[in-house]
Amino acid sequence: MPIRWRLTLFIALVIGAILLVLGLTLFFLLRDALLSGVEDTVRNRAVTAARDAEAGEALDEEDADEFALDGIFIVVRDEGGRIIDQTVNLRSTKEMEDAVWRRTLESGRPEGGAAELSPEGSDYVYAVPVNPSKGPARVVEAGKSYEPVKETLAVFGTVLAAGIGAAFLFSIGGAYLLARAALRPVDAVTSAAREMGEGNLSKRLPVANPRDEVGRLAATINGLLSRLEAAFTRREEVLERQRRFAADASHELRTPLTAISGHARMLDEWALEEDPERARRSVGAIRREAGRMRSLVESLLALTRGDDGAGLAVGRHDLAAVAEEAAQAARAAAGGKVAVEYVRPGRKIEATFDRDRVLQAASILLDNAVRYTLEGGSVTVSLREEDGRAALEVSDTGVGIPEDELPLIFERFHRTDPSRADGGAGLGLSIARQIAESHGGKIRVRSTPGEGSTFTLLLPKRPQPRS
């Protein structure tokens, strides 16, 4: 059964139960009030008539008319139960052994109860014992028929039942309309959600009232959809980078493999016997290409280990010693074509890091600076403290980086100037940034084309590994 009908049925049943309880309560309260009114009136009239009887006054026509106004009849009996006087002619029925007048005579005190004395049928009778100064009267009975009360209750019960039935029917209609109005936002949410698919996560559910339960649910789902959309977007970006990475890696590996294959075929076919000098050059080329492939594979493995969250052998080290070691290696590799200057800081700059990985990052920055600096230029390495972090800065007087290229230089296999890459695969800066981020740091760059670039490796002085 749909929720709309279940909600309608539940509301209607609850309202029906409430109406029934209220109706029954009202009916019984009215019945008790009417019956109590009859009994109170009869008792008062009986006491009044008993007083008159004790005074020796007989019932006259005026008294009968007065009592008849309230529908009351009066009966005066002797000690044997015989009727001495009465205001109306009662039915001649055989008296029961437990008649009200008999109980009154036996107990000597007023008694009341149901009897059938009047022509209407069921009556309430109240008997009062008397001891008149004149005459034989012993009991005065007053009574009134229950029939007017029963008729009133019958009419009231019919009207009440019809009213409860009509109210119940109206409650069903009202409950259905209420349920439909309450569930209309759910229908709108369902329709909107049905239109959505994996390729259309940009749609959002309508929020009619953000303060009610359905509105909060729709807002929550919209937040979930936003996160899903962002996750799918990131997934597509990651997949695209992986596809591009695989294509670039394949391209980079294809070049040395093609060269190695060509030289090997040449050696196999004729160079070893016909041209020993050419054979030696081919062997040298094979060795160079193999070294290039080994360097590329090592870079790829380093990136993969970083992506997989490889652990760091962190410790407390002097960053100045690491910078000096990297500068000496870069100076030796430059061979005097580019001046590599190390500016020693005034004091030790200690931080917590993996020494080998940070040395690798510093070497990459220095190698990059030397590679893109023209002969006769210079590269400077310096250290300082910045905002509670240790900063290793590498500045050069090289060709610089165009402004539109700056956001791309840390992308894998990206080269700013392929003609001056000297066989590099374009992975160095990606590895350096990965090392910095694994320590909770970062690499900052500023550059002016034709004047040079400055790369700054920032490391926290306390360990802050990325999650």
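Is Gly291 buried, exposed or partly exposed? Its relative accessibility is 21%, so Gly291 counts as partly exposed; here buried means under 20% relative accessible area, exposed means over 50%, and partly exposed is what falls in between, using a 1.4 Å probe and protein chains only. You'll find Gly291 in helix H6, residues 276-307. Measuring from C-alpha to C-alpha, Gly291 and Pro256 are 9.3 Å apart in space and 35 residues apart in sequence.

Before going on, a word about what you're looking at. This is a predicted model, where local features need pLDDT of at least 70 and side-chain atom pairs count only at pLDDT 80 or more, while totals for chains, interfaces and linings use all residues. Residues are numbered from 1 along each chain as its sequence is written, and side-chain values use heavy atoms, with hydrogens and water left out.

How confident is the predictor? Its confidence in each residue is the pLDDT, from 0 to 100. The chain has a mean pLDDT of 79, with 79% of its residues at 70 or more. Among the elements, strand S7 (residues 339-342) has the highest mean, 93, and helix H2 (residues 61-69) the lowest, 65.

Now for the whole chain. It has nine helices and 12 strands, which are DSSP runs numbered from the N terminus (helices are H or I with at least four residues, strands are E with at least two). Of the 467 residues, 35% are buried. Among contacts with a separation of 6 or more, 65% are between residues 24 or more positions apart, contact meaning heavy atoms within 4.5 Å.

Back to the helices. Leu257 sits in helix H5, residues 213-274, and with 44% relative accessibility Leu257 counts as partly exposed. The C-alpha atoms of Leu257 and Met293 are 8.1 Å apart, although 36 residues separate the two along the chain.

Next, follow helix H7 (residues 319-334) to H8: their axes come within 9 Å and cross at roughly 40°. Axes are lines fitted to C-alpha atoms, for helices over the stretch in contact, and angles run from 0 to 180 degrees between N-to-C directions. H7 and H8 are therefore oblique to each other; under 35 degrees counts as roughly parallel, over 145 as roughly antiparallel, 65 to 115 as roughly perpendicular, and the rest as oblique. The H7 and H8 crossing is right-handed: the near helix is turned clockwise from the far one by less than a right angle, while anticlockwise would be left-handed. This contact of H7 with H8 has 12 nonpolar, one polar and two charged residues. In that scheme Ala, Val, Leu, Ile, Met, Phe, Trp, Tyr, Cys and Pro are nonpolar, Asp, Glu, Lys and Arg are charged, and the others, Gly among them, are polar.

H8 (residues 355-371) also meets helix H9 (residues 428-438), with axes coming within 9 Å and crossing at roughly 145°. This time the crossing is left-handed. Residues making the contact include Ile364 and Leu365 of H8 and Ile431 and Ile435 of H9. By class, the contact of H8 with H9 has eight nonpolar, four polar and one charged residues. H9 is mostly covered, with eight of its 11 residues buried, among them Leu429 and Ala432. Just after H9, Gly440 has a positive phi of about 85°.

Which residue other than glycine has a positive phi near 55°? That's Asp387, in the loop between strand S9 (378-386) and strand S10 (389-396). Asp387 is exposed, with a relative accessible area of 70%.

Technical notes: pLDDT = per-residue confidence, 0-100.
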